[in-house]
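Trainee: Could you take me through one part of this model at close range? I would like to look at how two helices pack, and then at what surrounds them.

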2 protein chains.
Amino acid sequence: MNQAEREMLPSRRIADALRRSIAERTFRPGDRLPSERDLAARYRTARNTAREAIGLLQAEGLVDVRHGKGAFVRRQTPMIRLGADRYSNRVRRETGLSPFRAEAQRQGKTARVDVPEIGRIKPPTDVAARLNVPEDDLSVVARVNHYFADDDPVQIGITYIPWAIAEGSVLATEAKTGTGSIYARFEELGHRITRAREEITARMPRPDETVALAIPPGVPVVEVLHTGIDQEGRAFEVTRFVMRADLNGLDYDLPVED
Amino acid sequence: MNQAEREMLPSRRIADALRRSIAERTFRPGDRLPSERDLAARYRTARNTAREAIGLLQAEGLVDVRHGKGAFVRRQTPMIRLGADRYSNRVRRETGLSPFRAEAQRQGKTARVDVPEIGRIKPPTDVAARLNVPEDDLSVVARVNHYFADDDPVQIGITYIPWAIAEGSVLATEAKTGTGSIYARFEELGHRITRAREEITARMPRPDETVALAIPPGVPVVEVLHTGIDQEGRAFEVTRFVMRADLNGLDYDLPVED
DNA sequence: AGCCAGCAGTGGCTTAAGCCAGTTGTACGC
DNA sequence: GCGTACAACTGGCTTAAGCCACTGCTGGCT
């Protein structure tokens with residue numbers, strides 16, 4: 001019943017028909033779908049219902065709806081892949097850039113970094129746990145990164161560093177020079193990054209992220225919680241970053257242990 | 001204007017108020033929100049508008065709506081993490097299971113495998129490219145996996161193997177015995193998995209995936225394209241799997257190369 | 001005690017109508 | 001020739017009303 005009835009629902013029927021037309025390339029990427037009023041007339045339903053159908057396609061990421069213009073079949077955008085060499089010390093040495101910024105460069109894109117917040121803050125519990133910091137005891141420095149590709153914001157992130165490491169001039173210097181020299185400071189203090197742990201999930205964006213990343217409706221974000229680990233197994237840096245899932249991917253080259 | 005006006009829209013106003021109440025824990029995880037009719041009366045709007053507001057929260061993954069019962073603040077479900085030891089040869093040797101199945105066991109969950117399709121098929125272009133197979137030349141065997149945790153479907157996937165490897169009895173045997181011995185066959189033919197490449201992205205589920213994985217509205221899926229690479233750098237197996245993003249995460253332990 | 005029918009409350013979906021706002025082409029006036 | 005105002009399109013959002021299906025409780029019957 002459920003299945004059969006679902007097929008009968010006008011909004012689903014219209015959505016299905018449009019979806020099929022897109023799959024069969026009757027409507028091709030970039031094409032405009034019939035207007036809501038057209039669809040309503042054609043399927044003898046209320047405009048609301050036709051609108052609902054288009055809303056479903058939008059939620060699936062199949063179409064882009066533009067106020068005053070219409071609903072357009074979304075082009076298959078080639079994804080910007082974040083490469084597996086993101087955490088190579090060689091890249092870091094040669095470029096002097098922090099990993100994400102190096103990545104942005106490697107992609108041949110312009111990158112900018114904003115440092116709007118520097119100071120001692122209380123880290124979220126999951127970050128505190130990964131840094132082995134008693135949550136209410138030691139504070140952490142946060143640095144906010146914005147990455148852009150051709151002026152489109154691609155990624156926003158925040159790095160948490162124990163205050164002991166941040167103290168001194170590292171962050172202030174970095175903010176001034178924009179050289180991303182934070183890893184130099186890490187090495188001064190005896191932390192050489194040896195392993196990284198990355199925990200990955202995806203979710204729908206929060207409203208602020210929708211704005212910051214200019215995310216169209218229906219597009220999820222990938223969230224990565226990155227932990228940098230030094231030669232003695234100590235976690236000394238945690239970065240949480242969020243990126244649009246439709247323009248980005250993660251690409252890992254994993255050794256298989258014996 | 002945009003910002004101010006957006007605040008004025010009744011549906012946004014209601015959604016904002018509810019979102020704030022949830023953040024302030026006036027409504028806690030598991031609590032039921034006021035009914036659509038209640039909200040409409042309280043905010044002096046039509047029921048449709050209150051419904052729209054709840055729809056927004058649902059799309060953000062904040063609430064679960066249950067027919068006949070109400071809208072409930074979603075509990076923070078502890079994610080089932082797919083561990084970093086997924087591709088250890090040791091795991092494979094000791095358990096005799098294929099990696100994903102080993103993982104499902106490691107999590108202490110029941111796992112089942114369906115093998116509804118076995119045969120020569122034409123692989124999608126991206127798979128053909130990763131197996132270095134001329135797309136229209138060599139066919140590929142597909143195996144469909146379903147993984148369950150406590151009877152809830154968690155992951156669906158399909159593995160593509162060049163016909164030369166699949167030929168013989170491997171897949172049929174596996175289907176019969178359920179022992180996941182496919183890696184034994186790989187080794188017979190001189191392919192020992194040494195590296196894996198994983199390409200990760202996220203998107204909204206397709207309708208069939210919504211059904212297969214019982215995905216609530218507003219929850220994205222994580223899609224992984226896994227390529228197994230042998231000791232000579234040859235790709236010999238590609239698996240594409242999809243999982244609910246709200247119950248699962250990927251967890252990588254990455255060596256940082258020098 | 002146990003079952004079951006009915007009722008009240010919930011969300012699911014639709015219709016019909018209207019007003020607002022962004023977009024684009026055109027006809028008119030200078 | 002140019003520009004401006006308008007008309008005719010587009011989607012955005014809301015109201016008001018109704019019917020359906022699912023849920024859970026309650027009270028009455030066996």
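Mentor: Happy to; we will start with one pair of helices in chain A and then move outward.

Keep in mind that this is a predicted model. Chain A has eleven helices and ten strands, and 48% of its 258 residues are buried. Among the contacts in chain A between residues at least 6 apart in sequence, 61% join residues at least 24 apart.

Now to the pair itself. Two packed helices are described by the angle between their axes and the distance between the axes. Helix α2 of chain A covers residues 10–23 and helix α4 of chain A covers residues 47–59; their axes are 8 Å apart, at an angle of about 50°. The two helices, α2(A) and α4(A), are therefore oblique to each other. As for handedness, α2(A) and α4(A) make a right-handed crossing. On the α2(A) side, the contact is made by Pro10(A), Ser11(A), Arg12(A), Ile14(A), Ala15(A), Leu18(A) and Arg19(A). Facing them from α4(A) are Thr49(A), Ala50(A), Glu52(A), Ala53(A), Ile54(A), Leu56(A) and Leu57(A). By class, the contact of α2(A) with α4(A) holds nine nonpolar, two polar and three charged residues.

Chain B has its own version to look at. There, the axes of α2(B) and α4(B), the latter spanning residues 47–59, come within 8 Å and cross at roughly 50°. That makes α2(B) and α4(B) oblique to each other, and the crossing is right-handed. From α2(B), the residues taking part are Pro10(B), Ser11(B), Arg12(B), Ile14(B), Ala15(B), Leu18(B) and Arg19(B). They meet Thr49(B), Ala50(B), Glu52(B), Ala53(B), Ile54(B), Leu56(B) and Leu57(B) of α4(B). The contact of α2(B) with α4(B) divides into nine nonpolar, two polar and three charged residues.

Following chain B past α2 brings you to Arg25(B), in the loop between α2 (10–23) and α3 (36–42). Most residues other than glycine have a negative phi. Arg25(B), however, has a positive phi near 60°. With a relative accessible area of 45%, Arg25(B) is partly exposed, because that value falls between the 20% and 50% cut-offs. Chain A offers another such case in Ala214(A), whose phi is positive at about 50° although this residue is not a glycine. Ala214(A) sits in the loop between α11 (207–212) and β8 of chain A, and its relative accessibility of 46% makes it partly exposed.

From the helices, let us turn to the strands. In soluble globular proteins, nonpolar side chains tend to be buried together. The largest nonpolar core here has 37 residues, and the members touching the most others are Ile200(A), Leu250(A), Ile200(B) and Leu250(B). Both chains contribute to this core: β7 (193–203), β8 (221–230), β9 (235–244) and β10 (248–255) of chain A, and the strands β7, β8, β9 and β10 of chain B, each supply at least two residues.

One residue worth a look in strand β8 of chain B is Thr227(B). Its relative accessibility is 4%, so Thr227(B) counts as buried, the limit being under 20%. Beyond neighbours within four places in sequence, Thr227(B) is in contact with Arg130(B), Arg195(B), Ala196(B), Arg197(B), Ala235(B), Glu237(B) and Val238(B).

Definitions and conventions. Residues are numbered from 1 along each chain as its sequence is written. Chains are lettered from A and ligands numbered from 1 in the order in which they are written. This is a predicted model: local features need pLDDT of at least 70, side-chain atom pairs count only at pLDDT 80 or more; totals for chains, interfaces and linings use all residues. Side-chain values use heavy atoms; hydrogens and water are left out. A nonpolar core is a set of buried Ala, Val, Leu, Ile, Met, Phe, Trp, Tyr and Cys residues joined through side-chain atoms within 4.5 Å. Buried means under 20% relative accessible area, exposed over 50%, partly exposed in between (1.4 Å probe, protein chains only). Helices (H or I, at least four residues) and strands (E, at least two) are DSSP runs, numbered from the N terminus. Axes are lines fitted to C-alpha atoms, for helices over the stretch in contact, and angles run from 0 to 180 degrees between N-to-C directions. Angles under 35 degrees count as roughly parallel, over 145 as roughly antiparallel, 65 to 115 as roughly perpendicular and the rest as oblique. A crossing is left-handed if the near helix is turned anticlockwise from the far one by less than a right angle, and right-handed if clockwise. Contact means heavy atoms within 4.5 Å. Ala, Val, Leu, Ile, Met, Phe, Trp, Tyr, Cys and Pro count as nonpolar, Asp, Glu, Lys and Arg as charged, and the others, Gly among them, as polar.
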